[in-house]
Amino acid sequence: MEQFHHRGYVSTDPRILPADGTGIDRPAEIPEELDVLIVGTGPAGMIAAAQLSRFPELTTRIIDSLDARLEIGRADGIQTRSVETFDAFDFAEEITAEAFKLTSMNFWGPDPADPSRIMHTGWAADDDRGISEYVQLIVNQTRVYDYFERYMAWSPTRNAPDYGIEFVGLEERPGERHPLHVTLRRTAGERAGEEFTIRARAVVGADGARSRVRKAIGGSLVGEPQNQAWGVLDLLAVTDFPDIRTKSAIANAHGSILVIPREGGHLFRLYVDMGDVPPGGGEAIRSKTADDVIALARRILHPYTLDVKEVVWSTIYEVNHRVADRFDNGSEKHDPNVFIIGDACHTHSAKAGQGMNVSMQDGFNLAWKLGYALTGIGDRRLLDTYHAERRVTAVNLIDFDKELSSRYAHAEEGESDIEDFYVRNIEFAAGHMTEYERSIIVGDAGFQELADGFPLGKRFKSAPVMRRADAAPQHLGHTHQADGRYRIYVFSDRDGFATDAAVARWARWMDEAEASPVNRYRLREGDRDATFDIKVIAQQPFDAFAFADAPALFRPAVGPYGLTDYTKVFAAIPEDDVFAARGISLDGAVVIVRPDQYVAAVLPLVRPELVGAYFDGFMVG
């Protein structure tokens, strides 16, 4: 959570930030001119809107053709990478408290003596490697939307979804400040059917697999249908299947089931393999009912019983593994200004539990780049990195899902090593294998050995530290808020905060040098903390030095009263040493982390000018 009282005493909820910029007197109707229009209030669109709500210099609106908030979510699995992301948006603890926590997975296969029966074949911990400090969650996706909507409402822009409005089409008029002329249509209320036009600097299509925004830029999903259908049921039922409250993969001669326990202690979801779809047979599959899916589920669960009391939600879908040929409308003639995220650019099965999770990382990746490029603090080339980074991730996801689907198919025949595949790929399934390649925002690996545990291009893996001012233990990564700022973590050398120690020299250069990014790049004039959040972590334990020993750079004065910021000075915890845990050189290191929590650069403590060189590569003074 952010600091408060630094602008004066606050007696109300301190998470509600003062309205600022475009959030002051925000109009109820969509303005004729926007900086960013987001189409679709799914997970990708909502996280993008939430991140952009922290840029009060920009006018951002998010629309949806639905007339109100989605009531029953289609996705429910929250991987640990997503929970880490939720922490940046200040709701990881709350959503964890209400969610079902997945800590293990059971495997059931055909009984060799009678393949029509199932028997327990194995068990695996969900994370026995310390991949993340969080656990995998199961919760209705609409609750995720609720938290993102709250984050928007409490941000300076006071943003909120505009329901009952659909995207019709767009026309680009190069040369104009708002070159995208977008036609919208009202879908609800007294003015339903009315069309109107707005002008935007950027459009983000988060409008699903049948994306109109994708079609508007001439994009298409490339790939082939897998000719396989799955029925999905959220049930309240009585069953003697012993692992109904544990994530379970089940298969026998009749097919396969993935069991997902839901929040609340009673609800659970079944993904039921409906078998191959013959050419032209899609309509027949889609015509099947929840009762048909339940009947098949009972055959697969044999000899266990399933007495359904209520079908809360159900659907049948056909598996398609497809990736958009383009994630934006960029060309040799102009920079991209229309983007697609989430299901608009990749579709796959639900078995890997990746859809909502990967989609949110699309939105997080793109939104801060739009914030930088459109405010002018970042070069427009930033926007080219969205397609470059996220399309590779989508292709890797499709390859993983195809392999997983194949394992499930063989499981029905009693020939699969799905348990081994699951264990070997748990880090990928948890969302932690994304690794962005070198670019203008991912530095080279020349100094990677200074912090081996923070691989370039991968997410910043948190570790425990001690805040010096109040001796409060906390996770370093949990200080990273979704406020659009870069994080610079400075790990001291053996000399700690001695007058001429490397940290002191580094801080003086950053504080005083004309070439310092702190002095060159300020998103908001007069606020040195608006673009960079710089923290220091000493090797020494907290009782070996005083807070005041840290250089002034790490003890800035904030707010109109010039109050001291006590949150930027940390110490290693001897029994859980971050330097040892993350392979940080005892000569010190500087780790730069992007606003979306990915490691951007690892640099030597003795060369502060390299920090300036990194930001000079894409920021505008």
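**Exercise 1. Which residues form one aromatic cluster with Trp368 and Tyr372?**

Step 1. Rings of Phe, Tyr and Trp (its six-membered ring) count as a pair if their centres lie within 6.5 Å.
Step 2. In this predicted model, local features need pLDDT of at least 70 and side-chain atom pairs pLDDT 80 or more, whereas totals for chains, interfaces and linings use all residues. Residues are numbered from 1 along each chain as its sequence is written, and side-chain values use heavy atoms, without hydrogens and water.
Step 3. The cluster joins Trp368 and Tyr372 with Phe55, Tyr486, Phe532, Tyr614, Phe615 and Phe618.

**Exercise 2. Classify the pair of phenylalanine 89 and tyrosine 151, and place both residues.**

Step 1. The whole structure holds 32 aromatic pairs.
Step 2. In this one the ring centres are 5.0 Å apart and the planes stand at 70 degrees, so phenylalanine 89 and tyrosine 151 are edge-to-face. The classes are stacked (under 30 degrees), edge-to-face (over 60) and tilted (the rest).
Step 3. Phenylalanine 89 sits in the loop between α2 (80–88) and α3 (92–98), tyrosine 151 in helix α4 (residues 141–154), so the pair ties together parts 62 residues apart in sequence. Helices are DSSP runs of H or I, at least four residues, numbered from the N terminus.
Step 4. Phenylalanine 89 and tyrosine 151 are both buried, that is, under 20% relative accessible area (1.4 Å probe, protein chains only).

**Exercise 3. Do the same for tryptophan 368 and tyrosine 372.**

Step 1. With centres 5.3 Å apart and planes at 85 degrees, the pair of tryptophan 368 and tyrosine 372 is edge-to-face, because of that angle.
Step 2. Both lie in helix α8 (residues 355–375), 4 residues apart, about one turn of the helix.
Step 3. Tryptophan 368 and tyrosine 372 are both buried.

Note on methods: Helices (H or I, at least four residues) and strands (E, at least two) are DSSP runs, numbered from the N terminus. Buried means under 20% relative accessible area, exposed over 50%, partly exposed in between (1.4 Å probe, protein chains only).
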